[in-house]
Amino acid sequence: MKDFICSNCGNNNFSEGKIDKVFNIEGKLCLVENIPAFLCNRCQEPILTIETTEHIRFILKSNQKPSKIVTTQVYEFS
Ligand SMILES: [Zn+2]
């Protein structure tokens, strides 16, 4: 896939992979797992296609039941 340029390092070589990502939807944090993404071969920065981003938005706005609920520990950088 070489239509993308890594926003982090400027590299244009990517490998297909899966990522987990937290989204903040109107103050509610939602973790989406196993998102198909392209990972920068140099710095591992993930890039999501527009279609994938739209699909995530659809999932999060559709009020479907989450596959699981987790509690998480939050730390302040200090
Ligand atoms: Zn990169």
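**Entry 1. Pairing of β1 and β2**

I looked first at how β1 and β2 are joined, and I found antiparallel pairing over eleven bridges. The model I am reading is a predicted one. Within this pairing I noted Val 22, which stands opposite Leu 31 in β2. I then followed the chain through the hairpin of β1 and β2, which has two residues between the strands. In that hairpin I recorded a positive phi near 50° for Glu 26.

**Entry 2. The sheet as a whole**

I next asked in what order the strands lie. I read the order β1-β2-β3 in an open sheet of three strands, with antiparallel pairing. β1 (14-25) and β3 (46-47) stand at the edges with a single partner strand each, so I noted that one side of each has no neighbour in the sheet. For β2 and β3 I found two bridges, again in the antiparallel sense. In this pairing I looked up Leu 39 and found its bridge partner in β3 to be Pro 46.

I also checked how far β1 is covered, and I entered it as hardly covered. Of its twelve residues, the count of buried ones is one.

**Entry 3. Asn 34 in β2**

I turned to Asn 34, which I located in strand β2 (residues 28-40). I noted its positive phi of about 60°, although the residue is not a glycine. Is Asn 34 buried or exposed? I counted it as exposed, because it has 8 C-beta neighbours inside 10 Å and the cut-off for exposed is 12 or fewer. I also looked up its distance to Asp 20, and I read 5.6 Å between the two C-alpha atoms. Asn 34 and Asp 20 are 14 residues apart along the chain.

**Entry 4. Gln 44 between β2 and β3**

I placed Gln 44 in the loop between β2 and β3. Its phi is near 70°, which I recorded as a positive value in a residue other than glycine. I counted 13 C-beta neighbours inside 10 Å for Gln 44, so I entered this residue as partly exposed.

**Entry 5. Helix α1**

I then examined helix α1 (residues 50-61), which lies across β1 and β2. I read its direction as about 160° to β2. I checked the span of α1 from its first C-alpha to its last and found 16 Å for twelve residues, close to the 16 Å expected at 1.5 Å a residue. How many of the twelve residues of α1 are buried? I found the number to be zero, so I described α1 as lying largely in the open. After α1 I noted Asn 63, whose phi is positive, near 60°.

**Entry 6. The chain overall**

I listed one helix and three strands in the protein chain. From the N terminus on, I read the elements as β-β-β-α. I compared the radius of gyration with that of a compact globule of 78 residues: the globule would be near 12 Å, but the protein chain has 15 Å. Along the principal axes, I found that the C-alpha atoms fill a box of roughly 35 × 35 × 20 Å.

I looked up burial across the 78 residues of the protein chain and recorded 5% as buried. Lastly, I took the contacts between residues at least 6 apart in sequence. Of these, I found that 50% join residues at least 24 apart.

How values were computed: Residues are numbered from 1 along each chain as its sequence is written. This is a predicted model: local features need pLDDT of at least 70, side-chain atom pairs count only at pLDDT 80 or more; totals for chains, interfaces and linings use all residues. Helices (H or I, at least four residues) and strands (E, at least two) are DSSP runs, numbered from the N terminus. A residue is buried if 20 or more other C-beta atoms lie within 10 Å of its own, exposed if 12 or fewer, and partly exposed in between; C-beta atoms are placed from the backbone. Two strands pair if DSSP finds at least two bridges between them. Two residues are in contact if their C-beta atoms, placed from the backbone, lie within 7 Å. Axes are lines fitted to C-alpha atoms, for helices over the stretch in contact, and angles run from 0 to 180 degrees between N-to-C directions. The expected span of a helix is 1.5 Å times one less than its number of residues. The radius of gyration is taken over C-alpha atoms; the globule rule is 2.2 Å times the number of residues to the power 0.38.
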